[in-house]
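Subject: Structure handover

Hello,

Here is the structure I said I would pass on. My notes follow below it.

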Amino acid sequence: MSLVRDPTMLAQRPFVKMNGLGNEILVLDLRTDPEEVPAAAARALARPGVLPFDQAMVLYPPRAEGSAAFVRILNSDGSEAGACGNGTRCIAAYEAGRTGERHILFESGAGPLDCVMQPDGRVTVDMGAPHLGWEEIPLARPVADTSAYQIEGFAALGPASFVSVGNPHAIFFVPDVAEVDVDQLGATLERHPLFPERANISFAQVLSPDHILLHVWERGAGRTRACGTAACATAVAAARTGRTGRVVRVTLPGGDLKIDWRESDDHVLMTGPVALEFSGTLTPDMLTEAA
Ligand SMILES: N[C@@H](CCC[C@H](N)C(=O)O)C(=O)O
C-alpha cells in the first residue's frame, strides 16, 4: 500500500454505491491497486451532493486463504470502525454479483466475516461471538454487570446494556422509541467519558419476545436509517436480560433484520436485504474537502 496521503491519488478509482436497509454504503474495491484512503478523503466523499454515505467499505487484497478481501471500514466523519453489519452484507452481494459465489468470506480488523447469499436475495453474515466484558467493549472503568448499568445523569433512560460485536454499543430499553430525542441524546452519549472509543447508541422498544423496534445514533455517522451491528448488539442485550428469545426480528426505520444469537457457538447471525444503487469513477474534486 502506498504511504502517499494525497487524497486525489484515489481519482479514477471505481466506486459502487449500495445500501442495506437505507444504511448508506460506499464500496471502494482497491484490490487490484491498493491505496490508502485518508480520513480527509472519506469526509470529502461523504459530503452532501458528492457521495453521501454512512460507511465506506474499502476492499484490499486478502491476507488469509479462502478470503475474498481484507476490509477497512470508514465512517462518514473519517473515523475507522471495527465492524459494519449492513456494509458487510453489501460487499457480500457486490462480490456475489462479480463472481457468482454464494458463500463469501471477508477479513476485517475484528476477525473473519462469513457471508451467505440466501435464495431470496437477502444476505446472512456471521458476526462472530459478542464481547460482554467491560474491557472488551471497551468502557473507561470496571462495570461488573454490563447488561444493566445506570449512567449518571441519564436516569430517565434507565440502565444501559453494553455489547461489542467488533464495535462498541450502548443500548437503552425504553417504553416508546418515538418519545426519545435520538439526535440530542445520541450525540451526547456517543462522546460520554464512559466510552474511551466513543460508542454507537441505540434506543430499543421490545414489542414482543421476538420483535424489537430500534432507533440508532451511530458513532462517526450520526442518526442512520439502520445499523446492522446495533441490531445484533440489541438482540444480544435483549436476550441476555430476558426481554426476548435469541431469535428476533429487529425493525429499524429502513426495514427489518432477522437476528439469531446461535446457542451452539454463541455467534450472532444477521439476515437482511441490500440494494445496489449506482456506480461510477472517483474524480479529484470529489476527494478534496476544499472543493
Ligand atoms: N452501520 C454499521 C455500523 C458502522 C460502524 C459504526 N458507526 C461504528 O463506528 O462502530 C452497521 O451496519 O453495523
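N167 sits in the loop that runs between strand 9 (160-164) and strand 10 (168-173), is in contact with A81, G82, A83, N200 and T229 once residues up to four places away in sequence are left out, and is among the residues that come nearest to the ligand. Please keep in mind that this is a predicted model.

N167 is also buried, because 28 other C-beta atoms lie within 10 Å, where 20 or more is the cut-off for that class.

Domains

The protein is divided into domain 1, made of 7-126 + 274-287, and domain 2, which covers 155-266. Their centres, taken over C-alpha atoms, are 23 Å apart. On the domain 1 side 19 residues make contact, and they meet 20 residues of domain 2. Helix 2 (residues 85-99) supplies the largest share of that domain 1 side, with 3 residues. By class, the side of domain 1 that touches domain 2 has 11 polar, 5 nonpolar and 3 charged residues.

Ligand

Where does the ligand lie relative to domain 1 and domain 2? It lies between them, because both domains give residues to the shell around it. There are 18 residues around the ligand, and the nearest are A81, N86, N167, G228 and T229. Helix 2 and helix 4 (228-240) are the elements that give two or more residues to this shell. The largest share, 3 residues, comes from helix 2. The shell is made up of 11 polar, 4 nonpolar and 3 charged residues.

Active site annotation

The unreviewed UniProt entry places the feature "active site" at C84 and C227. These positions span 144 residues in sequence, yet no two of their C-alpha atoms are more than 7.7 Å apart, so they gather at one spot.

C84 is in the loop between strand 5 (80-81) and helix 2. With 32 other C-beta atoms within 10 Å, C84 is buried. Neighbours within four places in sequence aside, C84 is in contact with Q55, M57, I73, G228 and T229.

C227 is in the loop between strand 13 (222-224) and helix 4. C227 is buried as well, with 35 other C-beta atoms within 10 Å. Under the same exclusion of neighbours within four places, the contacts of C227 are N23, N86, N200, V216 and E218.

Binding site annotation

The unreviewed UniProt entry also gives a "binding site" feature at N23, Q55, N75, G85, N86, N167, N200, E218, R219, G228 and T229. N167 is one of these positions, and so is N75.

N75 belongs to strand 4 (residues 69-75). It counts as buried because it has 24 C-beta neighbours inside 10 Å. Leaving aside its neighbours within four places in sequence, N75 is in contact with Q55, A81, R219, G220 and A221. Of these contacts, Q55 and R219 are themselves listed under "binding site".

Strands 6 to 8

Strand 6 (residues 103-108) and strand 7 (residues 111-117) pair antiparallel over 6 bridges. The hairpin that joins them has 2 residues. Within this pair, I104 stands opposite C115 of strand 7.

Strand 7 also runs antiparallel to strand 8 (residues 123-126), with 4 bridges between them. There V116 has T124 of strand 8 as its bridge partner. The hairpin of strand 7 and strand 8 has 5 residues between the strands, and G121 in it takes a positive phi near 95°.

A46

The last residue in my notes is A46, in the loop between helix 1 (39-45) and strand 3 (55-60). A46 is buried, with 22 other C-beta atoms within 10 Å. Apart from neighbours within four places in sequence, A46 is in contact with P52, F53 and S76. The C-alpha atoms of A46 and I104 are separated by 27 Å, and the two residues are 58 residues apart along the chain.

Regards

Methods. Residues are numbered from 1 along each chain as its sequence is written. This is a predicted model: local features need pLDDT of at least 70, side-chain atom pairs count only at pLDDT 80 or more; totals for chains, interfaces and linings use all residues. UniProt positions are given in the numbering used here, feature names are shortened, and annotations may be inferred rather than shown by experiment. A residue is buried if 20 or more other C-beta atoms lie within 10 Å of its own, exposed if 12 or fewer, and partly exposed in between; C-beta atoms are placed from the backbone. Two residues are in contact if their C-beta atoms, placed from the backbone, lie within 7 Å. Domain bounds come from an automatic or database domain assignment. Ala, Val, Leu, Ile, Met, Phe, Trp, Tyr, Cys and Pro count as nonpolar, Asp, Glu, Lys and Arg as charged, and the others, Gly among them, as polar. A residue is near a molecule or strand if its C-beta atom, placed from the backbone, lies within 6 Å of it. Two strands pair if DSSP finds at least two bridges between them.
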